[in-house]
Amino acid sequence: MELDDHLDIQYTTRQLLPLWPTVGAMALIVLFGALFLNFDKWRAGDVVIFAIYVVASVIAGVLLTILLLQPMRRLLRGIYRRRLTKMGVLGKPIEATVDENGISYTVVGQTVSCPWNSLYALEEEAGTFYFWLSKTFAHPWPARIFTSDEERQTFRDSVLKWSGRPIASPPVLARLGANGRVNLPD
């Protein structure tokens with residue numbers, strides 16, 4: 001598994017800092033700071049100067065956020081990659097099987113098996129299959145392991161036959177992110 005496979009499970013997006021939520025959050029932080037730092041101008045009656053400073057601060061903060069977004073994304077992805085590498089979950093070969101008994105996979109000598117009736121959920125997005133072993137842990141089968149759409153469809157049909165339940169598409173759990181799934185019922 002690679003970094004993006006882990007990001008798909010942990011977060012609602014592979015992008016750790018999405019553009020508009022990040023820009024919006026920083027604009028609010030800068031607005032609060034500008035109001036706080038320029039309150040003396042407001043109290044002195046310099047409303048025009050106050051407004052110019054606040055608006056200029058927010059515009060500068062938004063532009064600076066947009067400018068620094070790519071380096072911050074690289075930094076966060078690097079931190080996350082180092083953490084996963086240290087844990088030993090990146091770049092390790094996985095032997096996985098899905099059959100009429102359920103799903104099982106082996107990583108670094110450890111085998112995890114989950115029969116179909118104890119699987120929490122099945123989801124698919126853009127050709128990637130998520131086998132949710134619990135509400136917070138999934139075993140993804142990335143789209144890149146299938147050589148063609150026909151092979152993916154055959155796999156989808158087999159999973160439907162073996163599990164006896166449809167595969168949710170678009171996924172709900174994968175888009176909730178880890179924090180969103182914590183409060184789900186068991």
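Which residues point one way from strand β6, and which the other way?

## Strand β6 and its partner

In this predicted model, strand β6 covers residues 138-141. A138 and P140 point one way from the strand, while H139 and W141 point the other way. All of these residues are buried. In a regular strand the side chains alternate between the two faces of the sheet.

Strand β5 (residues 128-132) runs antiparallel to β6, and four bridges join the two. The connection from β5 to β6 is a hairpin through five residues. Within the pair, A138 of β6 has W132 opposite it.

## Aromatic rings

The structure holds nine aromatic pairs. In one of them, the ring centres of F146 and F155 are 5.2 Å apart and the planes meet at 50°, so this pair counts as tilted. Tilted pairs are those with planes neither under 30 degrees nor over 60 degrees apart. F146 has a relative accessibility of 9% and F155 a relative accessible area of 11%, so both count as buried.

Ring pairs also link F146 and F155 into a cluster with W116, F129, F131 and W141.

## Nonpolar core

The largest nonpolar core has 15 residues. Those touching the most other members are V98, I103, L119, F131, W141, F155 and V159. Two or more residues of this core come from each of β2 (102-107), β5 and α5 (149-163).

Leaving aside neighbours within four places in sequence, L119 is in contact with I103, C114, F131, W132, L133 and R165. F131 and W141 belong to this core and to the ring cluster, as does F155.

Terms used:
Residues are numbered from 1 along each chain as its sequence is written. This is a predicted model: local features need pLDDT of at least 70, side-chain atom pairs count only at pLDDT 80 or more; totals for chains, interfaces and linings use all residues. Side-chain values use heavy atoms; hydrogens and water are left out. Rings of Phe, Tyr and Trp (its six-membered ring) pair if their centres lie within 6.5 Å; planes under 30 degrees apart count as stacked, over 60 as edge-to-face and the rest as tilted. Buried means under 20% relative accessible area, exposed over 50%, partly exposed in between (1.4 Å probe, protein chains only). Two strands pair if DSSP finds at least two bridges between them. A nonpolar core is a set of buried Ala, Val, Leu, Ile, Met, Phe, Trp, Tyr and Cys residues joined through side-chain atoms within 4.5 Å. Contact means heavy atoms within 4.5 Å.
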